[in-house]
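Me: Please take a close look at one part of this model for me, the salt bridges. How many does the count come to?

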Amino acid sequence: MTNEELIAQVAISSGIYTVEEIEAFIEEGREIPLHTLKGWDSRGYKVKPGEHGLETRLWKKKQIEDDVSSEQSEISETAFYLTKAFLFSLEQVEKKEA
């Protein structure tokens with residue numbers, strides 16, 4: 001299950017969006033407006049003071065580096081693991097001041 005699918009489940013189960021609304025976002029190629037603090041920050045928003053996020057678990061990337069030998073370069077692999085995350089809706093954020 002992808003992070004987008006996990007976020008869709010949270011959005012529907014919490015009542016923020018209906019199944020039809022989620023399907024419309026996906027069909028139109030739009031993101032579901034439910035992101036972590038870091039996600040909103042990268043989009044130019046900040047979470048309003050006093051807001052509480054919806055707890056869920058999302059996939060996070062972890063780099064694994066192996067030093068094969070001093071003559072060879074390091075080999076990097078990517079691993080993913082589920083970690084606790086908090087999601088905030090559009091109503092819980094505001095545009096950052098420039």
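Reply: To set the scene, 60% of the protein's contacts (heavy atoms within 4.5 Å) with a separation of 6 or more join residues 24 or more positions apart. Bear in mind that this is a predicted model, where local features need pLDDT of at least 70 and side-chain atom pairs count only at pLDDT 80 or more, while totals for chains, interfaces and linings use all residues. Residues are numbered from 1 along each chain as its sequence is written, and side-chain values use heavy atoms, leaving out hydrogens and water.

Now the salt bridges: the count comes to 5, taking a side-chain nitrogen of Lys or Arg within 4 Å of a carboxyl oxygen of Asp or Glu. One of them joins Glu 31 and Arg 43, at 2.7 Å from N to O. Glu 31 sits in the loop between α2 and β1, and Arg 43 in the loop between α3 and β2, so the bridge ties together parts 12 residues apart in sequence. (Helices, H or I of at least four residues, and strands, E of at least two, are DSSP runs numbered from the N terminus.) Glu 31 is partly exposed at 48% relative accessible area, and so is Arg 43 at 31%; that label covers what lies between buried (under 20%) and exposed (over 50%), with a 1.4 Å probe and protein chains only.

Another bridge pairs Asp 41 with Lys 96 at 2.1 Å, N to O. Here helix α3 holds Asp 41 and the segment after β5 holds Lys 96, linking distant parts of the chain 55 residues apart. Then there's Lys 84 with Glu 55, at 3.9 Å. Lys 84 is in strand β4 and Glu 55 in strand β3, so this pair connects parts 29 residues apart.
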